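Visitor: I am new to this structure and would love a close look at one part of it. Could you walk me through it slowly?

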Amino acid sequence: VFASVFAVPDVIDVYATENVTSAPVPVGSTNYVLAPHSLLVSVVGGDNEEIADAIWRKKDVGCNMNGNTVVTVVDSEGYLQPYPEYEIRFLRPTALPIVIEVELAASPSLPVDIVALVKAAVIATFTGADGGSRVRIGSLLLASKFYPGVIAIGPEVSVLSILVGDTYPTETSLLIGVDQAPTIDENDISVVLTP
């Protein structure tokens with residue numbers, strides 16, 4: 001199911017899991033509750049109908065589903081009208097703005113545009129534009145992920161600390177829920193130059 005949904009055009013992130021028990025089960029840092037014997041597909045991007053079709057083609061028969069988006073899929077293959085219809089449910093996660101603070105050792109040799117360079121490096125790392133993996137639904141975000149990109153700005157850059165958070169940047173790690181889509185904005189990145 002994960003691979004099928006990720007193959008849908010314009011899908012940029014997917015998290016898929018299941019509850020094989022006969023009781024509701026909380027998952028992730030937000031304790032999102034999965035119904036008994038159910039599948040959760042949390043997805044960012046892509047067309048609702050195409051996502052629903054991708055889930056329907058791969059999910060097990062009789063499997064319950066979770067989420068806030070419901071699409072009716074019509075099975076017209078091998079049937080005469082009226083065609084069977086199935087409600088497919090998946091989750092469109094809530095945006096979770098991530099706040100990041102980068103503290104650098106102040107130096108006269110730093111580029112004059114160091115703040116812009118740091119913000120660009122952080123965004124490239126966050127989105128995967130630097131060649132790495134993007135920050136994902138249901139993942140553990142480590143502040144250390146951003147060190148290589150910031151250090152690569154130049155030999156004159158000395159990183160004192162990098163902190164992340166969802167309200168204030170106070171942590172070295174942040175666990176993202178299965179119902180949360182991490183986002184980044186340059187206004188949520190602060191660069192502190194410490195003498």
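Which residues does Ser161 touch, not counting residues up to four places away in sequence?

Guide: Happy to help, and please keep in mind that this is a predicted model. Setting aside residues up to four places away in sequence, Ser161 touches Glu101, Val102, Glu103 and Tyr147. Ser161 itself sits in strand β11, which covers residues 159-165. Its relative accessibility is 18%, and because buried means under 20% relative accessible area, Ser161 counts as buried.

To see where some of these contacts come from, turn to strand β9, made of residues 99-105. β9 and β11 run antiparallel and are joined by 6 bridges. One place to find this on screen is Glu101, which stands opposite Leu163 in β11. Glu101 is also among the residues that Ser161 touches. In general, the strands of a sheet pair through backbone hydrogen bonds, either parallel or antiparallel.

Now widen the view a little. β11 belongs to an open sheet of 3 strands, in the order β11-β9-β14, and the pairing is mixed. β11 and β14 (189-194) are at the edges with a single partner strand each, so each has one side without a neighbour in the sheet. From one strand to the next, the twist averages 15°. Helix α3, residues 114-127, lies across β9 and β14, and runs at about 135° to β14.

Follow the chain on from β11 and you come to a loop. Thr167 is placed there, between β11 and β12 (173-175). With a relative accessible area of 52%, Thr167 is exposed, because the cut-off for that word is over 50%. Thr167 and Val99 are 68 residues apart in sequence, yet their C-alpha atoms are 6.4 Å apart in space.

With that part in view, here is another sheet to set beside it. This open sheet also has 3 strands, ordered β1-β4-β5, with mixed pairing. Its edges are β1 and β5, each with a single partner strand, so one side of each is left without a neighbour in the sheet. Between β1 and β4 there are 8 bridges, in the antiparallel sense. Tyr15, for instance, has Ser42 in β4 as its bridge partner. Helix α2 lies across β1, β4 and β5, running at about 150° to β4.

Some of these elements also help to line the largest pocket, which holds about 170 Å³ of space. Its lining is made up of Val1, Thr17, Glu18, Asn19, Val20, His37, Ser38, Leu39, Lys58, Lys59, Asp60 and Cys63. The elements that give two or more residues to this lining are β1 (11-19) and β4 (38-45). The largest share, 3 residues, comes from β1. Sorted by class, the lining has 4 nonpolar, 4 polar and 4 charged residues.

Let us finish with Cys63, one of the residues lining that pocket. Cys63 is found in the loop between α2 (48-58) and β5 (64-65). Its relative accessible area is 18%, so Cys63 is buried. Leaving aside neighbours within four places in sequence, Cys63 is in contact with His37, Ser38 and Leu39. Those three contacts are in the pocket lining as well. Cys63 and Pro36 are 27 residues apart in sequence, and 9.3 Å separates them in space, C-alpha to C-alpha.

Key. Residues are numbered from 1 along each chain as its sequence is written. This is a predicted model: local features need pLDDT of at least 70, side-chain atom pairs count only at pLDDT 80 or more; totals for chains, interfaces and linings use all residues. Side-chain values use heavy atoms; hydrogens and water are left out. Helices (H or I, at least four residues) and strands (E, at least two) are DSSP runs, numbered from the N terminus. Buried means under 20% relative accessible area, exposed over 50%, partly exposed in between (1.4 Å probe, protein chains only). Contact means heavy atoms within 4.5 Å. On a 1 Å grid over the protein atoms alone, a cavity is a set of points where a 1.4 Å probe fits but cannot get out, and a pocket is an open set with protein on both sides within 12 Å along at least five of seven lines; lining residues have an atom within 4 Å of a point. Grid points are joined across faces, edges and corners, and a volume is the space filled by probe spheres set on the points. Ala, Val, Leu, Ile, Met, Phe, Trp, Tyr, Cys and Pro count as nonpolar, Asp, Glu, Lys and Arg as charged, and the others, Gly among them, as polar. Two strands pair if DSSP finds at least two bridges between them. Axes are lines fitted to C-alpha atoms, for helices over the stretch in contact, and angles run from 0 to 180 degrees between N-to-C directions.
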